Each structure stands twice: as structure tokens, then as C-alpha cells.
Amino acid sequence: MDPRRRMLAEATRGFMPADEGLALYEAALAAPEGPFLEVGSYCGRSALFIGAAAAERGCVLFAVDHHRGSEENQPGWEWHEPDLVDPRSGLIDTLPHFRRSVFEAGLEEHVVAVVGDSPRLAALWGTPLAFLLIDGGHGAAPAHADYEGWIPHLVPGGILAIHDVFPDPADGGRPPYEIYLRALEGGLFNETGSIGSLKVLRRSA
């Protein structure tokens, strides 16, 4: 990975360890031809890792996020960051931070912010995807809705990455682990890599 982009990605605020980000970069490089998409962008950390691969591949990463923060980012929750709250609206707004991250990495040509509700966008989406990261809301409803909405758009041989997969309930929430199990059911996906809480799978059919 380009050293400058790697440095910027690791310095971008977010919750993905650097080794998992590098695994995303490698997984995206191994995807078939076609655009990439991530669900859950926050301030752009994962987008810089995947976007670096998109730049090398000459393709585009669509970064889907409403930029109002997931359940766990809201006031009173463990992962709330007060300085991300817009004083005018009183709501979290990570979009300016995301745009700055992408600009500083020189990736505006390859990373396209898609601002909106993930399930609504998935229902209207029409472009086949070569790579998909699911790292949006970690509650049961949003996690399963992301899986159900976006998996149909992933091409055979496409790469699926799921973040925050914790087999032990003591380590984290269950929904990402549940959709990981769904992906393995019936032979639809085969696991190709695992590092930390990141699982990487390839669609077989």
C-alpha cells in the first residue's frame, strides 16, 4: 500500500485496527473486476484502505453512510465522541471529517460518498459489486438489513468482508457474527481470511 495513504489511513479516526485495514486493502485487490462498496464509513478510515486498492485497480469505492452515527455512537453510549456533534443540529455529523480524509489522501476520484439510509439505497441499487464491506449499524435490525439488502448485488466470485465479528459474546455484539454465520450457510460463501474481528469471504454462487 502506498506509504503516505497508509499513514493517513492509520491516522484517521475510527475503530478499525491497522492490521484489519490492511487486510481489507489486500482483499479488495483480490476482488474480481467491478466497483467496490462499503456500508459504514464514519470518518473515512476503512474508505482510505479500500480506496487505495480501488485507485490501484482503477475502479470506484462507493462509501455508504448516513453520517449520523450508529447506535453505539449516540450520546450515553460507549463509543460516543462529543466533538462529532454538529452544534446547529445537535446531531452527529461525520461527513465533513470523511470528506477531509478522502481529500487529503488524494482519493476523491476513486471514493464516492453516498449519503443516505443503507437499506433504502440497497433496494434501489442496480450496479453489480465486486467487493462489499458490511460495517454499518451493529444492532440486529440494521446488520441483518445490510446483509439482506446488499448481498444480492455481489457478483459470483465477489469478496464479502464483515467487521466486528466476535464468536464470544463477551467480546462484542452478536449481529455481525450472526450475519457471518448466515453467509456460510448453504455454501453461498467460503471463508478466505480472518484477522482480528474481520472476516473475509468469497461468493461461490
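This report covers the salt bridges of a predicted model.

A search of the whole structure finds 4 salt bridges. Three of them are described here, among them a pair within helix H1.

| Basic residue | Acidic residue | Closest N to O distance |
|---|---|---|
| Arginine 6 | Glutamate 10 | 2.8 Å |
| Arginine 57 | Glutamate 33 | 3.5 Å |
| Lysine 199 | Glutamate 191 | 3.8 Å |

**Arginine 6 and glutamate 10**

Both residues sit in helix H1, which spans residues 3-11. They are 4 residues apart, so about one helical turn separates them. Their closest N and O atoms are 2.8 Å apart. Arginine 6 has a relative accessible area of 37% and is partly exposed. Glutamate 10 is partly exposed as well, at 32%.

**Glutamate 33 and arginine 57**

Here the side chains meet with an N to O distance of 3.5 Å. This pair links distant parts of the chain, with the two positions 24 residues apart in numbering. Glutamate 33 lies in the loop between helix H2 (18-29) and strand E1 (36-39). Arginine 57 belongs to helix H3, residues 45-57. Glutamate 33 has 66% relative accessibility, so it counts as exposed. Arginine 57 is partly exposed, at 21%.

**Lysine 199 and glutamate 191**

The closest N and O atoms of this pair are 3.8 Å apart. That falls within the 4 Å cut-off, so the contact counts as a salt bridge. Lysine 199 is buried, at 12% relative accessibility. Its partner, glutamate 191, is partly exposed, with a relative accessible area of 34%.

Technical notes
Residues numbered from 1 in each chain as written. Predicted model: local features only at pLDDT ≥ 70, side-chain atom pairs only at ≥ 80, totals over all residues. Heavy atoms only, no water. Buried < 20%, exposed > 50% of the residue type's maximum accessible area, 1.4 Å probe, protein only.
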